[in-house]
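Please open the model in your viewer and keep the sequence panel beside it. The tour begins with the whole chain and then moves to a few selections.

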Amino acid sequence: MLTEALLPLFRRSPATSRILNISSQLGLLNKVSDPELKRLLQDEERLTEAGVEGMVSRFLSQVKDGTWRGQGWPKVWTDYSVSKLALNAYARVLARRLQARGDPVSVNCFCPGFTRTDMTRGWGKRTAEEAAEVAARLALLPPAELPTGTFFKWCTPQLYSKL
């Protein structure tokens, strides 16, 4: 909702505006085993915000009635993984929509990897400062090098559906 509320401000800029979502590889499609859900998320042309919201609603409904286990959702940190799965899918939908309209807005996702933060109880391979430096470099890429609809695992662009 925040992104949608800010879009009119992004569009006013003469330069390409940049949205870089902090995400996780736990939200990639290889973590999903439900073939129907995978088909929905892989269909780049048909995937919509409503489809992403429907996926999240389905997950929440199954959590509420206790049936989510064995339904093909990610197995590790499931609630976090589903939230990142939704974020990654929404970013792709938004990037496609803005690109089709010719809006100069780049929308990407960045996975900093296992980073030492409060969420990881201080465990991780990288410091928050190292992750922030890479995120800043990605957000400030020169316009000629700036992609949209891309998932970055650390500094490397990844195919959303192939990891």
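Helices, as named here, are DSSP runs of H or I with at least four residues, strands are runs of E with at least two, and both are numbered from the N terminus. Bear in mind throughout that this is a predicted model.

Start with the whole protein in cartoon view, where 5 helices and 6 strands can be picked out, and follow the chain along its sequence through the pattern α-β-α-α-α-β-β-β-α-β-β. The C-alpha atoms fill a box of roughly 50 × 40 × 30 Å along the principal axes, and the radius of gyration of 16 Å agrees with the value near 15 Å that a compact globule of 163 residues would have. Among contacts between residues at least 6 apart in sequence, 68% join residues at least 24 apart.

Next, switch on the surface, which comes to about 9600 Å², with 57% of that area belonging to carbon and sulfur atoms. Select Val 76, Trp 77, Phe 114, Met 119 and Trp 123, which together make a nonpolar surface patch of about 600 Å². Of these, Val 76 can be traced to the loop between α3 (49-64) and α4 (78-101).

From that loop, step into helix α4 and select Ser 81. Is Ser 81 buried or exposed? Its relative accessible area is 0%, and because buried means under 20%, Ser 81 counts as buried, as do 37% of the 163 residues of the protein. To see what surrounds Ser 81, display Leu 26, Gly 27, Pro 74 and Val 76, which Ser 81 touches when residues up to four places away in sequence are not counted. Val 76 thus appears in both selections, as a member of the nonpolar patch and as a contact of Ser 81.

Technical notes. Residues are numbered from 1 along each chain as its sequence is written. This is a predicted model: local features need pLDDT of at least 70, side-chain atom pairs count only at pLDDT 80 or more; totals for chains, interfaces and linings use all residues. Side-chain values use heavy atoms; hydrogens and water are left out. Patches are made of residues with over 30% relative accessible area and no salt bridge: like charges are joined within 9 Å, nonpolar side chains (Val, Leu, Ile, Met, Phe, Trp, Tyr) within 5 Å. Accessible areas come from the Shrake-Rupley method with a 1.4 Å probe; for residues, only the protein chains shown count as cover. A salt bridge is a side-chain nitrogen of Lys or Arg within 4 Å of a carboxyl oxygen of Asp or Glu. The radius of gyration is taken over C-alpha atoms; the globule rule is 2.2 Å times the number of residues to the power 0.38. Buried means under 20% relative accessible area, exposed over 50%, partly exposed in between (1.4 Å probe, protein chains only). Contact means heavy atoms within 4.5 Å.
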